[in-house]
Amino acid sequence: MVDYLTKQTYRAGAYLRLSIEDKNGNVESISIANQRDFIKEYALKNNIEIYDYYVDDGCSGGNYDRPGFKRLINDIENGIINCVITKDMSRLGREFIETGNYVFKYFPEHNIRYIAILDNYDTLNPNGSEDMLPFKAVINDMYLKDISKKIKSVRHNMMKNGDFVSGTVPYGYKRSEENSKKLVIDEYAAPIVSKIFEMKDNGKTEGMIARYLTEQGILPPDVYRGKKLKRTTITTNLWKASTVKHLLQNENYIGTLIQGKYEKVSLKSKKKRLLSKNKWIVKKNAIPALISNELFERVNSSKRKNDIRHRKYDYLLKGLVMCADCGCTMSVRRVKKQTDSEVVTPIYLCRTYATYRNGVCSMHYYREEDLNNLVLDQIKTILLKYSKVEELAKKYENVLNTSDILREYTTAFHHLQSKIIMIDKAISDLYKDKASGVLSTEEFVGIKNELEKDRRECDVKISVLKTSISESKNLLTDEKTKQKYIHDFFGAKSFDKEMLKTLINKIEIKEDKTVKIFFNFSLNGGN
């Protein structure tokens, strides 16, 4: 068996990675070119064919959402390569749990030979170095956390000094050619910002302002900046009232630079959360003002009064009604009767038409009360087809059993169990390294505390998941609960908003008032 393995031909994917923090350090030793030459020389000496080089230049090792790495995994899944080579394991990644998952689980399960050259690690020729890899993964993870804290501290100091270090430049400004951390006035966009504030001050609504800007052929901020949009629609090049409202509330235009409003929920996640205002970094007179403080206060003061004056209504089908032609959600407008201004009739109206009216879409509308009656009558008609409670019980049980909730809980539970196993192994290896003198007592205690903290967090999450799994299983098997839901559903004379959302995916209205209801599942055995 060993002879067969050693004679096997290996087609390797050489993975190269350089992060932003690496670029600020010793570029010569770990640059992409250096990694490429180093791996190429190793492959030639060891008779390994390099199929391709998979490069992530400027990508953090804290997560695996990287284009080059994703392409590498795709070629592994398709059987194109059977070997992965990196200069060292930190190039693969610096996050402890996920890196260990790839090295000790994913690669072996896919029969991938993994080589980390400087770590002297080769799955084909184990020499005991694999015992040190969990420890190295922990060190890499700690390095990632440390460098992240340092970068965050540097960025915050720059913000406090009035430097602009955010990603997106506010509309009306551009980066200075002399200093990219300073903002200067954009001669094209700045007058448009002033015009928006002037129109609002003269009593125009955000919708009116948006329509005016669109009619003038002025591109909205994201399109003007050349921002890469996830998808384009018929309204991509049109101004929206929400965009105008956002600009009117932006304190940048009175010269105040506000940064640090968001932070990542964790080092290894891209998701961000909004911080409380007392944690924002505010620097007044940091950039050129486009409008006066008095105008800004006047405009935003009137905005608040309008918000208080208008009452919000929660209509039964709101959010489910769509325009069949443009696909936009239809909004509810309250129309006063011409003969009696006290009588108000709510109607569903195409939001695209109501906002732009310049040929983007036509006037799709439907009276709110009539639509409610039509939809509820159709649901009741469907219910009459199920005169036998036993048949509805089967449908109910099928819907519950195909739910993803229990499956998601179980998957998360198994993931946490795997994570605990890896943490326990890392802690065990730490004791060996301390006994052999590889680690000092201080280093041992620091790393051990960090790992034990992660383990305690996993234990808490597992406890919560156990309860959730138990409750979900009880819901599926509890006969009284099931019969209650069936009885309530079968005998329902009216429906609340939440119940309708479980039944209906969307309702499309055409210009000729034809209504089509799309259900989340079929009660008559159809598609």
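**Strand pairing and nonpolar cores in a predicted model**

In strand E17, phenylalanine 519 is the bridge partner of isoleucine 504. I begin with that pair, and I should say at once that the model is a predicted one.

The two strands concerned are E16, residues 504-509, which also pairs with E12, and E17, residues 515-519. Five bridges join E16 to E17, and the pairing is antiparallel. Together they make a hairpin, with five residues between the strands. In the turn, lysine 513 has a positive phi of about 75 degrees.

E16 has a further partner in strand E12, residues 321-323. Here the sense is parallel, and there are three bridges. Isoleucine 509 of E16 stands opposite cysteine 323.

Let me turn to another sheet. Three strands form an open sheet in the order E13-E14-E15, and their pairing is antiparallel. Strands E13 (330-336) and E15 (365-367) each have a single partner strand and stand at the edges, so one side of each is left without a neighbour in the sheet. From one strand to the next, the twist averages 30 degrees. Between E14, residues 344-350, and E15 there are three bridges, and isoleucine 347 stands opposite arginine 367 of E15.

I now move to the helices. Which residues of helix H10, residues 206-215, are buried? They are Glu206, Gly207, Ile209, Ala210, Leu213 and Thr214. These residues cover an arc of only 160 degrees around the axis, which means that they lie on the same side of H10. Just after this helix, glycine 217 adopts a positive phi of about 75 degrees.

Leu213 also brings us to the largest nonpolar core, which has 29 residues. Along with Tyr171, Ile196, Phe197, Trp239, Val244 and Tyr253, Leu213 touches the most other members. Two or more residues each come from helix H9 (189-201), from H10, from helix H12 (241-248) and from helix H13 (293-309). H9 gives the largest share, seven residues.

Tryptophan 239 merits a closer look. Leaving aside residues up to four places away in sequence, its contacts include Ala210, Leu213 and Thr214, which are among the buried residues of H10. Tryptophan 239 also touches Tyr171, Ile196, Val244 and Leu247, as well as Ile218, Leu219, Pro220, Pro221 and Tyr356.

There is a second, separate core of 21 residues, and its members include Cys350, Val375, Ile379 and Ile504. That returns us to the opening pair, in which Ile504 has phenylalanine 519 as its bridge partner.

Definitions and conventions: Residues are numbered from 1 along each chain as its sequence is written. This is a predicted model: local features need pLDDT of at least 70, side-chain atom pairs count only at pLDDT 80 or more; totals for chains, interfaces and linings use all residues. Side-chain values use heavy atoms; hydrogens and water are left out. Two strands pair if DSSP finds at least two bridges between them. Helices (H or I, at least four residues) and strands (E, at least two) are DSSP runs, numbered from the N terminus. Axes are lines fitted to C-alpha atoms, for helices over the stretch in contact, and angles run from 0 to 180 degrees between N-to-C directions. Buried means under 20% relative accessible area, exposed over 50%, partly exposed in between (1.4 Å probe, protein chains only). The arc is that of the directions from the helix axis to the C-beta atoms. A nonpolar core is a set of buried Ala, Val, Leu, Ile, Met, Phe, Trp, Tyr and Cys residues joined through side-chain atoms within 4.5 Å. Contact means heavy atoms within 4.5 Å.
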